[in-house]
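Let's work through a few exercises on empty space, packed helices and single residues. Try each task yourself before you read its solution.

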Amino acid sequence: MTVPEVAPATRASWVPMVGLFLAQILMSFNVSALPVSLGGMVHDFGVPPTDVSTAIVTYGLVVAALVMVGAKIGQRVGWVTVFRVVVALFAVSALTMIFAPSVGWVIVAQALAGASAAIIVPSLVALIAENYRGAQQATAIGSLGSARALAGVSAFLIGGTLATLVGWRQVFIIVLVLAVAVFILSFRLVSEKGNPAVKIDVVAAVIIGAGIVMLTLGVNNLNSWGLLQAGPGAPFDVAGLSPAPLLIVLGIVFVQLFFAWTRRRTKAGKVPLVSLSVFGSSKERAAVYAMFIVVLMEAALNFTVPLYIQIVQGRTPFDTSLAMLPFNLTVFVTATLVVRFYGRFSPRTIGMFSFVLTTVALVWLSFVVTNNWETVPIILGLFVFGVGQGALVTLVFNVLVTASPKELAGDVGSVRGTTQNLASAVGTAIAGALLVGILSANVASALATNVDLPPSLVSQVDLDNTNFVSNDRLRDVLSETDATPAQVDAAIALNEDARLRALRIGLIALAGISALAIIPASRLPKYRAGEIPESVATGTPS
C-alpha cells in the first residue's frame, strides 16, 4: 500500500496583504499627522492646543466605542464588502480635513474617520485569517505592528515637511491618496460571504459604547470641568461636584456591566457582542492590560512633544519631526526586528524587560529634558523609550492573536481596536489634562510669591487661568497692558519655568504608569516561538 503524497501548501500572493498593510498605515498616519499639524491648526483656527487635542481624542473615542459592533457588522455583511465601504468613508473624512473651515469640522472629520476605522481594525485580522495560512499568516500579522510604527515615522517626517513648507492641510492629501490605494487593492482580497444569521447584541453595544464615551469625556475634561469641585467651565454640577470624575466612575461601572451582561448572554447560549474567550486566561488579560498601557504612553508622548516644540517654542512641524525621529524610527525598527528574539526569549521576559526600559527612559527624560529637544541626553532617552515601545507594540498583539482560533479573529481584532483606541484617547486626554493642570498649579504658586507681578497686572491678563502659549503670544498679550519691560520679562520667565516643571512632573507620572505595567507583563506567557500552546479559547488549557 502506497502512502499518497501530500501536496505542499500553496503560497498566497502578497498583493492583497499590501492593501491591508496600507490600511493599517492609513489609520496610523491619520492619527500621527494630527500632532504634527497642531501648530498650523492653532494658528489657522485661533484656538488653544487643547481644542485640537479634542479631535485626536474624538477619533480614538469613536473607534473604541464602535469597534465591537464593527466586528459583528463585518461578520454579518461580509468583510471585503464592508471593508471597501468604510475605506471610501475614510477618504471622505480626509477631504473634510483638507477643506475644514474650523476646528469643529476637524472634529467631525475625525469622528467619521473613527467610525470607519471601527470596522477596518477588526477586518484586518479577519481578512488576514481568510487570505493567509501558516507562516505567511504569522508574517502578515506581525507586519501590522511594523505598519503602525512605519506610519508614525512617515507622518512625522513627510507630514512635518509638508506642514512646514506648504501647510497642514496638504498632509491629509496623503491620507486621501492612501485611502484610494487601499480601495483599489481591496479588489484582490478574497473573503467568505457574510452570514445574515449573525446577531448584533444591541444592549451590549449601547452599554460598552456609553461606558467608553463616559470614561473618555471624563478624563478629557478634568481640567476644564474641575478635578473634584465643579469649575466655571462645567456644563452642570452634582451637589457642587464636577461631572468629570463622576463620568469616569460611571464609565468604569458600565464597562463592568458589559462584562456581566456578556457572561449572562453566553451562558444562555446566545451569541455575545464579543467572545470573552479572548480574555480566557490571565495571559490574554495581561496582554490586553499591557497593550493599553503601551498605547497610552505612546499617545501621551506624541501629544506632549509637539505641544512643546510647536506651541511653547514656536518652532515648525519639521522641527517636531526631527525631534521625534529618534523615537519613531526606533519604534519601527524594533517592532520589525523583535520577532527574531521570540525563539530565545519568552513573551514574559521580553515584556518585563521592555517595560523596565520605558520606565528608565521616562525617568531619565524627566531629569535631562529642557526646552531644546535636540540634545544628546534627550535623544538617548527617546531612543531607549522607542526600543521598549517597539518591542511591546508587536509582542502584545502577537500574544493575543496566536492565543485564539481563526473563528475568533474578528473578536481579537475588535478587542485590539477597542484597547488601542481607548488607550490612545485616554493617553492624549491625560497628557493634556495633566500638563495643563500642573502648569496652572505652578503658575498660581509662582504668582503668589512673585513681587515683580502685582495683582493688578495678573488680573489684566488672567495669568492664573492658564493654557500653553508661546513666549511671543504672551508678549503680545502683555503689550496691551500697562506692564513695564521688566514685568514682561518676569512674566515670560515665570511661564517658561512653569511649563518646564509641568513637563518634568508629567514625565515622572508616565514613568509611574510604565512601572506599574511590569505587573501585568509578569503574567504574559512563558512559551517561546515553536512552543505556542492552544489557548483556553479552544477549550485546551494553556
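The exercises below go from cavities and a pocket to helix pairs and then to single residues.

This is a predicted model, in which local features need pLDDT of at least 70 and side-chain atom pairs count only at pLDDT 80 or more, while totals for chains, interfaces and linings use all residues. Residues are numbered from 1 along each chain as its sequence is written, and side-chain values use heavy atoms, with hydrogens and water left out.

**Exercise 1. The largest cavity**

Find how much space lies in the largest cavity, and describe its lining.

Solution. Start with the idea: rolling a probe the size of a water molecule over the atoms shows where empty space is left. On a 1 Å grid over the protein atoms alone, a cavity is a set of points where a 1.4 Å probe fits but cannot get out; a pocket is an open set with protein on both sides within 12 Å along at least five of seven lines; lining residues have an atom within 4 Å of a point. Grid points are joined across faces, edges and corners, and a volume is the space filled by probe spheres set on the points.

Step 1: the search of the whole structure gives three cavities of 30 Å³ or more.
Step 2: the largest cavity holds about 410 Å³. Its lining has 26 residues, and those closest to the centre are S28, V31, R148, V295 and S424.
Step 3: at least two lining residues come from each of helix 1 (15-36), helix 3 (49-77), helix 6 (134-165), helix 11, helix 12 (317-337) and helix 15. Helices here (H or I, at least four residues) are DSSP runs numbered from the N terminus, as are strands (E, at least two). Helix 1 supplies the largest share, six residues.
Step 4: sort the lining by class, where Ala, Val, Leu, Ile, Met, Phe, Trp, Tyr, Cys and Pro count as nonpolar, Asp, Glu, Lys and Arg as charged, and the others, Gly among them, as polar. The result is 13 nonpolar, ten polar and three charged residues.

**Exercise 2. The second largest cavity**

Which helix gives the largest share of the lining of the second largest cavity?

Solution. Step 1: the volume of this cavity is about 80 Å³.
Step 2: its lining includes A300, L301, G427 and L510. Helix 11, helix 15 and helix 18 (485-516) are the elements that give two or more residues.
Step 3: helix 15 gives the largest share, with five residues.
Step 4: by class, there are nine nonpolar, three polar and no charged residues.

**Exercise 3. An open pocket**

Describe the second largest pocket by its volume and lining.

Solution. Step 1: the volume is about 740 Å³. Of its 22 lining residues, V255, F259, F279, V288 and Y289 are the closest to the centre.
Step 2: two or more residues come from helix 8 (202-220), helix 10 (243-267), helix 11 (282-312) and helix 15 (409-449). Helix 10 gives the most, six residues.
Step 3: the classes are 17 nonpolar, three polar and two charged.

**Exercise 4. Two helix pairs**

Decide whether helix 3 is roughly parallel or antiparallel to helix 5, and then do the same for helix 1 and helix 7.

Solution. Two packed helices are described by the angle between their axes and the distance between the axes. Axes are lines fitted to C-alpha atoms, for helices over the stretch in contact, and angles run from 0 to 180 degrees between N-to-C directions.

Step 1: helix 3 and helix 5 (residues 103-131) pack at about 30°, with axes 6 Å apart. Helix 3 is therefore roughly parallel to helix 5 (angles under 35 degrees count as roughly parallel, over 145 as roughly antiparallel, 65 to 115 as roughly perpendicular and the rest as oblique).
Step 2: the contact of helix 3 with helix 5 has 19 nonpolar, five polar and one charged residue.
Step 3: the axes of helix 1 and helix 7 (residues 168-185) come within 9 Å and cross at roughly 160°, so helix 1 is roughly antiparallel to helix 7.

**Exercise 5. Buried or exposed?**

Are R499, Q110 and A239 buried or exposed?

Solution. Buried means under 20% relative accessible area, exposed over 50%, and partly exposed in between (1.4 Å probe, protein chains only).

Step 1: R499 lies in helix 18 and is buried, at 2%.
Step 2: Q110 belongs to helix 5 and is buried, at 0%.
Step 3: A239 sits in the loop between helix 9 (222-225) and helix 10, and is exposed at 82%. Its phi is near 55°, a positive value in a residue other than glycine. Most residues other than glycine have a negative phi.
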